[in-house]
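Let's take a walk through this protein together. Have the structure open beside you as you read.

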Amino acid sequence: MTASPYGFTCKKQPATGAKGMVVTNHPLGSSAGAQMLAAGGNAVDAAVAGLLALTVVEPMMVGIAGGGLSHLRLPDGRHIIFDGLAQAAGAMTGGLYTPQSDNDPALYMEVEGRRNRIGASAVAVPGNLAAWYAMHSQYGKLPWADVVEPAIGLAARGFLVTPYLRGAIDMHRPDMELDPVISSIFLPGGELPQAGDRIVMGDYAESLREIQKHGAAALHGGSLGKALVERMASGDDYAGFITLDDLTAYAAAEREAIHGSYRGWEIVGPPPPASSGVHVTQMLNMLEHFDVKGMGFGSPEMMHLLAEVIRVGFEDRRAASGDPAFVDVPVERYTSKEYAAECLSRLRNMGGIGPATPGYESNDTTHVTMADDDGMIVAATHTINGLFGANIMVPGTGIIPNNYMCNFDPHPGKALSIVPGKRVPTSMAPMIALKDGAPEFAIGLPGGLRIFPSAMQAMLNLIDHGMDPQTAVEAPRLWTQGQEVELEPDYAHMQAALEAKGHTVKLVRHIGGGMSVIRFGKDGMMTGAACWRADGTPMALGGGLAEAGIRFNV
């Protein structure tokens, strides 16, 4: 542990290297990515290998039958967003579920029988594997089979349960016990595994071998897709809706990134359906009018300002966000400097608690940040939505499907209502910042609605407060949508000061999940850091091949 001058203690250490950097939320995920760099692969190879490994060792967070976003910066300077978000199937309509309430914000997104949260009825058409395969096909360097191999080994040989995974299993034990297939893996003999126990996923290893041979087609039309569709047809109230046609028709979307600026830095993030590119830019444009550095990290004035700026960002997100194929999102207006100046009038001198707002986005996600020494950078956030997704497993495959349908508004005729082919908004924030055209840092984290405000705060830590990468990601966070202001433990001492400014404060264990960052130095060195909120682990590649002309013993 290392004490910082900002009133908190960093619990982890960074890694530094010149040949490449890998940061994921599990050491074995990072190891898989590092293997690709060591084998001569690039950051895309590392990212896909790391994500596939995480589908094994972090199965509660991510899987091939999930969804997410990957932000690539190519060596030539282009930014590409691969949108692999899950979408509603062709047979899914606005009246699919029976809502529990039309008015109560606490129950507005809930449906009878929890059919949009657990079981096959909660599963949307997945996009993760399609996105990973597409970006690797275009920009990977190593053969696809090599990229899949580390995940196969982990599934076949098994891996040790971490306390983090054990806690996730314990939290969702009642739902998992409803499905004998998933419980046979994660609750063997009906018992909760202990930290250090080994989990082997033999069926999933075979599924990964199919993916190794056939790529994304294994799921999107092949044998794994047929098995998923067969699991959907349970014949009861929890039957699913995905067909083989839905799977074969799915395509990852390539989207143009959103470019903003902050104090001379270029800030690049994903566009809608993601909120981060739009609203991180909006919030930074507002903060540019204030002396953030002079106010000081963690001061009452700075924390009040952050709460107000985040509240305004969420107000606009609620007003217009969604799949751009179905919803008109005023991107240019929201990201303009002129609009940010208008928003300043909405900032209050005294806080106050607003009405509860309906909406849902799972906190359970994973993120990877990768870079190689050729200038390829990948920041990618992917999920199966809730912990263990729909809490079922496709028999004979080891695949855990998503439960993305709980993110849709179950009421017909609303902006976020279920429509075939629609993708729901996401707070995922795989972001990259540049200065004078050169990358300075790449960043991201899991955590649902708390993602993009947390990423924005880490950017302030790096840009305004001058923190090193480890301190920036481990720093305490605050969050609000306009109701309570949530504070992490290292901000708990500020409760009275924020209450004196009119805020209702709620103390929480953590806000968002494990953040990772790579900082690019002027000397060519990269520094990777991961925070205490997950099993995040940076791994650096240094050294290199022998000097030209060198021969053994000559």
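The paragraphs below go from a sheet to a helix, then to a loop residue and some salt bridges.

Before we set out, keep in mind that this is a predicted model. A good place to begin is the open sheet of seven strands, which pair in an antiparallel way in the order S3-S20-S19-S15-S14-S11-S10. Strand S3 (15-17) and strand S10 (258-262) sit at the edges with a single partner strand each, so one side of each has no neighbour in the sheet. On average, neighbouring strands here are turned by 20° against each other, direction ignored.

At the S3 edge, three bridges connect S3 to strand S20 (residues 526-530), and the two run antiparallel. Within this pairing, Gly 17 is found opposite Met 526 of S20. Two helices that pack on the sheet are worth finding next. Helix H11 (residues 276-287) touches S10, strand S11 (265-269) and strand S14 (431-435), and its direction makes about 15° with that of S10. Helix H16 (residues 451-463) touches S10, S11, S14, strand S15 (438-444) and strand S19 (516-520), with a direction at about 140° to that of S15.

Now turn to helix H1 (residues 27-38). At 1.5 Å a residue, its 12 residues should span 16 Å, and the end C-alpha atoms are indeed 16 Å apart, which agrees. Which residues of H1 are buried? They are Gly 29, Ser 30, Ala 32, Gly 33, Met 36 and Leu 37. Looking down the axis of H1, you would see these buried residues fall within an arc of 155°, so they line one face of the helix. That pattern is easier to read if you recall that an α-helix has 3.6 residues a turn, so residues three or four places apart point the same way. The buried residues of H1 pack against several elements, namely strand S4 (20-24), helix H2 (43-57), helix H4 (144-157), strand S12 (366-372) and strand S21 (537-541). Just after H1, Gly 40 adopts a positive phi of about 95°.

Loops can hold buried residues too, as Ala 89 shows: this residue lies in the loop between strand S6 (79-83) and helix H3 (128-139), and its relative accessibility is 0%, so it counts as buried. What does Ala 89 touch, leaving aside residues up to four places away in sequence? Its contacts are Val 125, Phe 241, Ile 242, Asp 246, Pro 420 and Gly 421.

Finally, let's look at charged pairs. A search of the whole structure turns up 20 salt bridges. In one of them, the side chains of Lys 19 and Asp 373 meet at 3.2 Å, N to O. Lys 19 belongs to the loop between S3 and S4, and Asp 373 to the loop between S12 and strand S13 (377-383), so this pair ties together parts 354 residues apart in sequence. Back in the sheet, Glu 440 forms a salt bridge with Arg 519, with the closest N and O atoms 3.4 Å apart. Glu 440 is in strand S15 and Arg 519 in strand S19, so the pair links parts 79 residues apart in sequence. Glu 440 counts as buried at 5% relative accessibility, whereas Arg 519 counts as partly exposed at 21%.

Arg 348 and Glu 308 form another salt bridge, their closest N and O atoms being 2.8 Å apart. Both belong to a network of salt bridges that links Glu 308, Arg 311, Glu 315, Asp 316, Arg 346 and Arg 348.

Terms used:
Residues numbered from 1 in each chain as written. Predicted model: local features only at pLDDT ≥ 70, side-chain atom pairs only at ≥ 80, totals over all residues. Heavy atoms only, no water. Pairing = 2+ DSSP bridges. Helix = DSSP H or I, 4+ residues; strand = E, 2+ residues; numbered from the N terminus. Axes fitted to C-alpha atoms, helices over the stretch in contact; angles between N-to-C directions. Contact = heavy atoms within 4.5 Å. Expected span 1.5 Å × (residues − 1). Buried < 20%, exposed > 50% of the residue type's maximum accessible area, 1.4 Å probe, protein only. Arc of directions from axis to C-beta. Salt bridge = Lys/Arg side-chain N within 4 Å of Asp/Glu carboxyl O.
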